[in-house]
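Biologist: I am new to this structure. Could you teach me how to read it, feature by feature?

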Amino acid sequence: MSAIFNFQSLLTVILLLICTCAYIRSMAPSILDRNKTGLLGIFWKCARIGERKSPYVAVCCIVMAFSILFIQ
């Protein structure tokens, strides 16, 4: 089943996107900083969410990992 139609898979994909963008921006900020608008601006916005809300994103990742490992 596609991740779009399964809510838990959609949340997993969004969390992975946020974490990946924040990691890429910490390693090479020029890649995401030059694309702040347009379609590629989504990645810059995800990186900002990952940087500013990092404790909440980390808790969500832990909860998601726990649910994937032990509930499914």
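Modeller: Start with contact: it means heavy atoms within 4.5 Å. Keep in mind that this is a predicted model.

Biologist: Which residues in α1 meet which residues in α3?

Modeller: On the α1 side they are L17, I18, C21, A22 and R25. On the α3 side they are F43, W44, C46, A47, R48, I49, G50 and E51. Sorted by class, this contact of α1 with α3 has nine nonpolar, one polar and three charged residues.

Biologist: How are two packed helices described?

Modeller: By the angle between their axes and the distance between the axes. Here, α1 covers residues 7-27 and α3 covers residues 41-52. Their axes are 7 Å apart, and the packing angle is about 90 degrees. That makes α1 roughly perpendicular to α3.

Biologist: Now the cysteines. How many disulfides does the structure hold?

Modeller: The general idea is a distance test: a disulfide needs two cysteine sulfur atoms within 2.5 Å. The structure holds zero disulfides. Take C19: its nearest cysteine sulfur belongs to C61 and is 3.5 Å away. C19 is in no disulfide.

Biologist: Why is there no bond between C21 and C46?

Modeller: The sulfur of C46 is the closest cysteine sulfur to that of C21, but the two are 4.9 Å apart, too far for a bond.

Biologist: Are C19 and C21 buried or exposed?

Modeller: Read the relative accessibility: under 20% is buried, over 50% is exposed, and in between is partly exposed. C21 has 5%, so C21 counts as buried. C19 has 31%, so C19 counts as partly exposed.

Biologist: What about aromatic rings? How many aromatic pairs are there?

Modeller: Two rings pair if their centres lie within 6.5 Å. The structure holds one aromatic pair. It joins F66 and F70, whose ring centres are 5.0 Å apart. Their planes are at 50 degrees, so the pair is tilted.

Biologist: Where do F66 and F70 sit along the chain?

Modeller: Both are in helix α4, residues 54-71. They are four residues apart there, so about one helical turn separates F66 from F70. F70 counts as exposed, with 60% relative accessibility.

Biologist: And S67? Is S67 buried or exposed?

Modeller: S67 also lies in helix α4. Its relative accessibility is 14%, so S67 counts as buried.

Biologist: Which residues does S67 touch, leaving out those up to four places away in sequence?

Modeller: With those left out, S67 touches Q8 and Q72.

Terms used:
Residues numbered from 1 in each chain as written. Predicted model: local features only at pLDDT ≥ 70, side-chain atom pairs only at ≥ 80, totals over all residues. Heavy atoms only, no water. Axes fitted to C-alpha atoms, helices over the stretch in contact; angles between N-to-C directions. Helix = DSSP H or I, 4+ residues; strand = E, 2+ residues; numbered from the N terminus. Parallel < 35°, antiparallel > 145°, perpendicular 65-115°, else oblique. Nonpolar A, V, L, I, M, F, W, Y, C, P; charged D, E, K, R; others polar. Buried < 20%, exposed > 50% of the residue type's maximum accessible area, 1.4 Å probe, protein only. Phe/Tyr/Trp six-rings, centres within 6.5 Å; stacked < 30°, edge-to-face > 60°.
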